[in-house]
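This briefing is intended for a reader with the sequence and the coordinates at hand. It is arranged by topic.

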Amino acid sequence: MSFVPGQPVTAVVQRVEIQKLCQGENLILGFSIGGGIDQDPGQNPFSEDKSDKGIYVTRITPGGPAESAGLKMGDKIMQVNGWDMTMVTHDQARKKLTKKREDVVRLLITRKSLEEAVKHSKGSHPSHLPAQTNARTTKDRVVL
Amino acid sequence: MGVSVHGGHRAPSAGSDPHHLSPRCDSPAHHPLPVPSPPCSPASPLLRPPSSSASKIDSLRSKVDLLKLPLALSTKSISERKRQLGGAGERRSAGGGGGARTARSPPTRDMDNESQYSGYSHKSSHSRSSRKHRDRRERHRSKSRDSSSRGDKSVTIQTPGEPLLDAESTRGDDRDDNWGETTTVVTGTSEHSISNEDLTRVTKDLEESTPLECKRFIGPALGGCLSFFALITPLAFLILPQVLWRDTLDSCRTPCEGLYVSLAFKLLVLLISSWALFLRPPRATLPRFFVFRCLLMVLVFLFVASYWLFYGVRVLGPRERDYRGIVEYAASLVDALLFIQYLALVLLEVRHLQPAFCLKVVRSTDGASKFYRVGHLSIQRAAVWVLDRYYNDFSVYNPAVVNLPKSILSKKMTGFKVYSLDENTTNNSTGQSRAMIAAAARRRDNSHNEYYYEEAEMERRIRKRKARLVVAVEEAFTHIKRLHEDEAAASPKHPREVMDPREAAQAIFAPMARAMQKYLRTTRQQAFHSMESILTHLQFCITHNMTPKAFLERYLTPGPTMQYQQQSGRGRQWTLVSEEPVTSGLRQGLVFSLRRLDFSLVVTVTPLPFLRLGEEFIDPKSHKFVMRLQSETSV
């Protein structure tokens with residue numbers, strides 16, 4: 001998941017669609033994010049490359065919309081509703097996720113196990129189509 | 001020198017020897033030597049030159065000649081030969097030096113009470129370790145003397161143009177103003193005609209008791225005369241017309257009197273500053289002229305001479321009548337003298353204060369080194385400067401402390417014997433020795449192991465003895481206490497014997513004497529401290545209320561050389577060995593060395609680096625900080 005700044009990034013991503021839950025007057029998604037280009041990347045426990053300043057999911061509230069959508073702790077968020085999340089400040093990421101006018105966020109997330117799963121599936125069954133999961137996720141290879 | 005030594009290094013010389021030689025030759029069992037072959041037997045006669053005369057000079061000449069031969073012989077035989085020569089020389093000197101030594105035995109009595117007391121009591125002890133130690137010292141000394149004899153030859157060749165011996169005799173004829181910056185160096189031949197410890201010590205004692213050399217004071221005396229002459233010249237200028245042709249002088253009242261006053265004060269200032277700056281006993285004699293001082297003396301001489309010349313021709317001749325002009329002339333001379341004194345101050349005292357060079361001084365025997373900063377000096381002045389600081393900064397040179405015991409090193413060489421099968425062996429002599437050295441290096445040896453354990457053992461022993469010494473001294477100090485005046489009157493019931501410091505010291509010395517002696521022997525310092533000096537130091541410490549620890553600091557750490565000097569006005573003899581002329585200034589990469597009888601100080605000169613100092617301005621408002629963040633936001 002490490003990348004060279006300025007070069008195109010290749011990653012195996014998973015699309016996750018989360019419906020915002022209405023709680024009082026807030027719309028919540030049910031997870032917490034950490035990271036950003038204004039933060040200290042060395043303290044990120046989930047990143048492999050400690051200079052990675054991307055946005056990571058640090059906590060998932062159990063039973064929330066994010067958990068049911070299939071988001072896992074330690075996922076790196078690459079896009080939110082089309083907006084890039086690899087080079088944003090923490091505050092910008094928060095804003096993109098908490099727009100009041102939207103009640104659905106579509107995330108592109110990546111995690112280490114996806115890469116391995118794709119390699120494994122490619123290796124064993126070259127013509128095998130990727131499986132469909134309950135949460136309407138598809139596995140795609142995305143070039144950002 | 002008054003000590004005649006004879007007796008050869010062979011056994012048949014037993015007939016003509018002083019008393020100590022024959023018993024030792026006859027009973028080698030008394031002194032079990034670590035030397036493989038007893039020195040009395042003519043072992044390896046092929047190594048001795050065929051000179052039959054048993055005189056010391058010849059044997060020494062042979063020693064020097066042998067060492068100049070190419071290495072046709074294995075190193076083992078060279079060291080063995082040296083041992084034999086050293087051992088033989090030692091016995092010879094023991095016989096010869098005994099006569100001179102017994103006369104001065106009491107002051108140098110050291111703590112050896114194992115043997116009957118004689119002039120070389122430390123030599124006649126029967127313990128094997130001290131004998132071995134003495135041989136080690138002996139070998140070390142003879143080896144160092146060999147190297148220095150070789151080095152000394154190179155010095156006399158390389159000093160530019162003027163061998164040291166000629167300086168005293170010929171310089172006086174060449175120039176008028178030669179006043180005795182002549183050399184006081186003892187040249188090599190007289191120094192190296194001795195080859196053993198006793199005679200060395202005898203020489204040292206004699207050199208320190210030679211009558212005061214007059215050459216030391218010629219320079220200052222001449223300078224003093226010159227300055228005295230220069231000081232009374234203005235007065236002479238004033239007085240002579242008054243005395244000689246008083247009647248025909250024009251009288252001048254007020255201006256002359258004003259000039260008199262100013263003249264008097266300037267002369268007073270000259271007098272006081274001369275006394276303050278220049279009237280000091282010289283601390284060193286330099287081998288060559290002190291260039292600046294000579295320059296200044298020449299300048300003063302020229303000034304005064306030219307003023308006198310003018311005065312004689314223009315004033316005394318035609319009997320000049322304008323007295324005011326004469327007084328002004330005298331005043332101008334005093335002004336000129338003041339300026340010359342300013343020049344002298346700058347050249348002699350101030351110029352070398354700003355540091356420009358860094359000198360590294362290393363002692364050749366044990367590697368003790370220090371770094372100093374000096375200004376622009378000539379080599380000889382820098383040498384004096386370094387020696388000034390040597391006596392305070394360097395720990396005293398102890399010839400008894402050697403690097404590696406020979407028992408460890410010599411094991412490398414004893415395992416090999418090289419036989420050459422050719423007829424002409426001289427061709428591949430160097431190849432032979434090189435092959436031997438290479439083979440010895442390839443062999444696996446454990447001498448580092450032995451060295452390590454021996455060092456550890458020695459350290460343990462020293463610590464043990466030190467602990468015993470400290471305890472003994474502490475206990476001894478508890479036996480006495482200072483008596484205050486009111487106590488003496490207040491306790492008539494217990495009349496205690498009141499002692500002065502000397503008696504008190506003697507009273508408490510006895511319980512600690514043995515521990516002290518053992519400790520000094522273990523750390524090989526016994527040559528530096530005699531019983532008398534320890535008693536004196538104890539008395540000193542008691543008088544000044546010092547604790548046992550303060551008493552012991554003198555013995556637990558080897559102090560600077562100054563601590564061990566006896567106060568003698570004769571001075572120390574050092575030789576300056578240099579490839580450049582010694583009046584040239586210091587510059588980068590210069591190396592010179594200062595040699596004493598058994599060690600030398602090697603001085604390397606490097607210039608101090610040029611410092612480029614830059615500036616950076618920091619606005620005090622520009623100090624800003626942010627926290628390192630890792631915030632977590634829930635969305």
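How many residue pairs are in polar contact across the interface of chain B and chain A? In this predicted model, the rule finds 7 such pairs, both residues of each being at pLDDT 80 or more. The contact draws on 18 residues of chain A and 8 residues of chain B, and about 1100 Å² is buried between the two chains.

**Interface of chain A and chain B**

- Carbon and sulfur atoms account for 46% of the area that chain B and chain A bury between them.
- On the chain B side, the residues that lose the most area to chain A are Gln630(B), Thr633(B) and Val635(B), which together make up 58% of what that side buries.
- The count of salt bridges between the two chains is 1.
- Arg59(A) and Glu632(B) form a salt bridge, with their closest N and O atoms 3.6 Å apart.
- The side of chain B that touches chain A comprises 4 polar, 2 charged and 2 nonpolar residues.

**Strand pairing between the chains**

- Strand E4 of chain A (residues 31-34) pairs with strand E6 of chain B (residues 632-634) in the antiparallel sense, over 3 bridges.
- Within this pairing, Ser32(A) has Ser634(B) in E6(B) as its bridge partner.

**Annotated transmembrane regions of chain B**

- An unreviewed UniProt entry lists residues 217-239, 259-278, 290-310 and 330-350 of chain B under "transmembrane region".
- In the model, residues 217-239 of chain B are 100% helix and 0% strand, and the end C-alpha atoms lie 32 Å apart.
- Residues 330-350 of chain B are likewise 100% helix and 0% strand, with the end C-alpha atoms 29 Å apart.

**Hairpin in chain B**

- Strands E1 (residues 357-363) and E2 (residues 369-374) of chain B pair in the antiparallel sense over 6 bridges.
- Cys358(B) has Arg373(B) in E2(B) as its bridge partner.
- The two strands, E1(B) and E2(B), form a hairpin with 5 residues between them, and Gly367(B) in the turn has a positive phi of about 75 degrees.

**Salt bridges**

- Over all chains, the structure holds 16 salt bridges.
- One of chain A's links is the salt bridge of Glu48(A) with Lys112(A), whose closest N and O atoms are 3.9 Å apart.
- Glu48(A) lies in the loop between E4 and strand E5 (55-60) of chain A, whereas Lys112(A) belongs to helix H3 (residues 112-124) of chain A, so the pair ties together parts that are 64 residues apart in sequence.

Terms used
Residues numbered from 1 in each chain as written. Chains lettered and ligands numbered in written order. Predicted model: local features only at pLDDT ≥ 70, side-chain atom pairs only at ≥ 80, totals over all residues. Heavy atoms only, no water. Contact = heavy atoms within 4.5 Å. Buried area = accessible area lost by both parts, 1.4 Å probe. Salt bridge = Lys/Arg side-chain N within 4 Å of Asp/Glu carboxyl O. Polar contact = N/O pair within 3.5 Å; in protein donor to acceptor, adjacent residues only side chain to side chain. Nonpolar A, V, L, I, M, F, W, Y, C, P; charged D, E, K, R; others polar. Pairing = 2+ DSSP bridges. Helix = DSSP H or I, 4+ residues; strand = E, 2+ residues; numbered from the N terminus. UniProt positions renumbered as here; feature names shortened; annotations may be inferred.
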